[in-house]
Amino acid sequence: KVHFQKKYVFLKKKAMKNLFAFLFLALFSVTLFAQEEDIDVSGSFGKQDRLMLDLYNDIWQGAPDTIDFKGYNPGASVSLMQDFPFGSTNFSFAVGLGVGTHNMNFNANIMKDSLGVNYFVNRADNPKKLKLVTSYIDVPVELRFRTKSDNVFRIAVGGKIGYEINNHLKFVDVGIKTKSFNVGDINKLRYGITARVGYKMFNVFVYYGLSTLFEEKLGPEMAPLSIGISLIPF
């Protein structure tokens, strides 16, 4: 059984690496093709926002007081999008594929009660690092408004739905470093609302999670509010 679990974790980590490699190669191929064919990727409609890199901080809504958060909870997502303009208007619809992560830096143990419900208990010590990381493959969609110029001003609202591909709990202290995979009862499906507004490649980004971290009735009903920036190079 232990051998099977180790093999499962190895295959899961390998799949994640392959997914990131695929997205990187796809981006590289699009860029190379545009350079070789001398294609104007902005077009008459302006930039098509093919690549989006989101960097943000997670604020965990609905978190109980028994979680002692420790400062910054950084997260990131990257998406490749296909844009579909609505004729000659400034509006378009976009859909894509991406990967994203959420982090929770805290000083608490995740416990279970007699009914199998997860809860948090603050630790008496203060380890150097204790964090829960969740990773997802996402399908984002957006309704966009953009000005018709290379120096684009944009407003976009939409959402994304994702499936968890990895979660782990990382512990680091003096002389100790451990990583536990597959924390129990983490919700496999996540979804929420997104919004971004900005000028050129710099944008303000917000993600409001509608799904909870834990499966229904198996833990605190907490969800991330992610606030940060989006970088859209082309």
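This report describes the fold, core, internal spaces and selected residues of a predicted protein model.

## Confidence of the model

The structure is a prediction, and the protein chain has an average pLDDT of 84. A pLDDT of at least 70 is reached by 80% of the residues.

Two stretches score poorly in the prediction. Residues 1-10 stay under a pLDDT of 50, and the model gives them three contacts beyond four places in sequence. Residues 30-46 are likewise below 50, and this stretch has 22 contacts beyond near neighbours in sequence.

## Overall architecture

The protein chain contains one helix and eleven strands. In sequence order the elements follow the pattern α-β-β-β-β-β-β-β-β-β-β-β, with the helix preceding the strands.

Of the 234 residues in the protein chain, 40% are buried. Contacts that span long stretches of sequence are prominent in the count: among those between residues at least 6 apart, 68% join residues at least 24 apart.

## The nonpolar core

The largest nonpolar core has 14 residues. Those touching the most other members are M104, F106, F120, L132, I186, L213 and M222. In soluble globular proteins, nonpolar side chains tend to be buried together.

F106 illustrates the surroundings of one such member. Beyond four places in sequence, F106 touches I67, D68, F69 and K70, together with F120, L130, K131, L132 and L169. F120 and L132 thus appear both among its contacts and among the core members named above.

## Internal cavities

Two cavities of 30 Å³ or more are present in the structure. The largest encloses about 100 Å³. Its lining is formed by W60, H102, T134, Y136, N187, L189, R190, Y207, S211, T212, L213 and P224; of these residues, L213 is also one of the core members listed earlier. Strands β6 (129-146) and β9 (189-199) each contribute at least two residues to this lining. By class, the lining comprises six nonpolar residues, five polar residues and one charged residue.

The second largest cavity has a volume of about 70 Å³. M52, D54, S77, S79, P140, V141, E142, G159, K160, T194, R196 and F205 line this space. Two or more lining residues come from each of β1 (51-61), β2 (74-85), β6, β7 (153-173) and β9. The greatest contribution is that of β6, with three residues. The lining of the second largest cavity is divided into four nonpolar, four polar and four charged residues.

## The largest pocket

The largest pocket holds about 160 Å³ of space. The residues that line the pocket are F106, A108, N109, I110, N118, R123, L130, L169, F171, V183 and G184. F106, already described as a core residue, therefore also belongs to the pocket lining, and two of its contacts, L130 and L169, are found there as well.

Strands β4 (108-112) and β7 each give two or more residues to the pocket lining. The largest share belongs to β4, with three residues. The lining has seven nonpolar residues, three polar residues and one charged residue.

## Selected partly exposed residues

L143 is located in strand β6. Its relative accessible area of 42% lies between the 20% and 50% limits, so L143 is classed as partly exposed. Outside its neighbours within four places in sequence, L143 contacts F86, S92, I155, A156 and V157. The C-alpha atoms of L143 and P85 are 9.9 Å apart, although 58 residues separate the two in sequence.

F153 belongs to strand β7 and is partly exposed, because its relative accessibility is 34%. Beyond four places in sequence, F153 is in contact with F145, R146 and T147, and also with V197, G198 and Y199. A C-alpha separation of 9.2 Å is found between F153 and M201, which are 48 residues apart along the chain.

P233 lies in the segment that follows β11 (223-231). With a relative accessible area of 37%, P233 is also partly exposed. P233 and R50 are 183 residues apart along the chain, yet their C-alpha atoms are separated by 8.4 Å.

Key: Residues are numbered from 1 along each chain as its sequence is written. Side-chain values use heavy atoms; hydrogens and water are left out. pLDDT is the predictor's confidence in each residue, from 0 to 100. Contact means heavy atoms within 4.5 Å. A nonpolar core is a set of buried Ala, Val, Leu, Ile, Met, Phe, Trp, Tyr and Cys residues joined through side-chain atoms within 4.5 Å. Buried means under 20% relative accessible area, exposed over 50%, partly exposed in between (1.4 Å probe, protein chains only). On a 1 Å grid over the protein atoms alone, a cavity is a set of points where a 1.4 Å probe fits but cannot get out, and a pocket is an open set with protein on both sides within 12 Å along at least five of seven lines; lining residues have an atom within 4 Å of a point. Grid points are joined across faces, edges and corners, and a volume is the space filled by probe spheres set on the points. Helices (H or I, at least four residues) and strands (E, at least two) are DSSP runs, numbered from the N terminus. Ala, Val, Leu, Ile, Met, Phe, Trp, Tyr, Cys and Pro count as nonpolar, Asp, Glu, Lys and Arg as charged, and the others, Gly among them, as polar.
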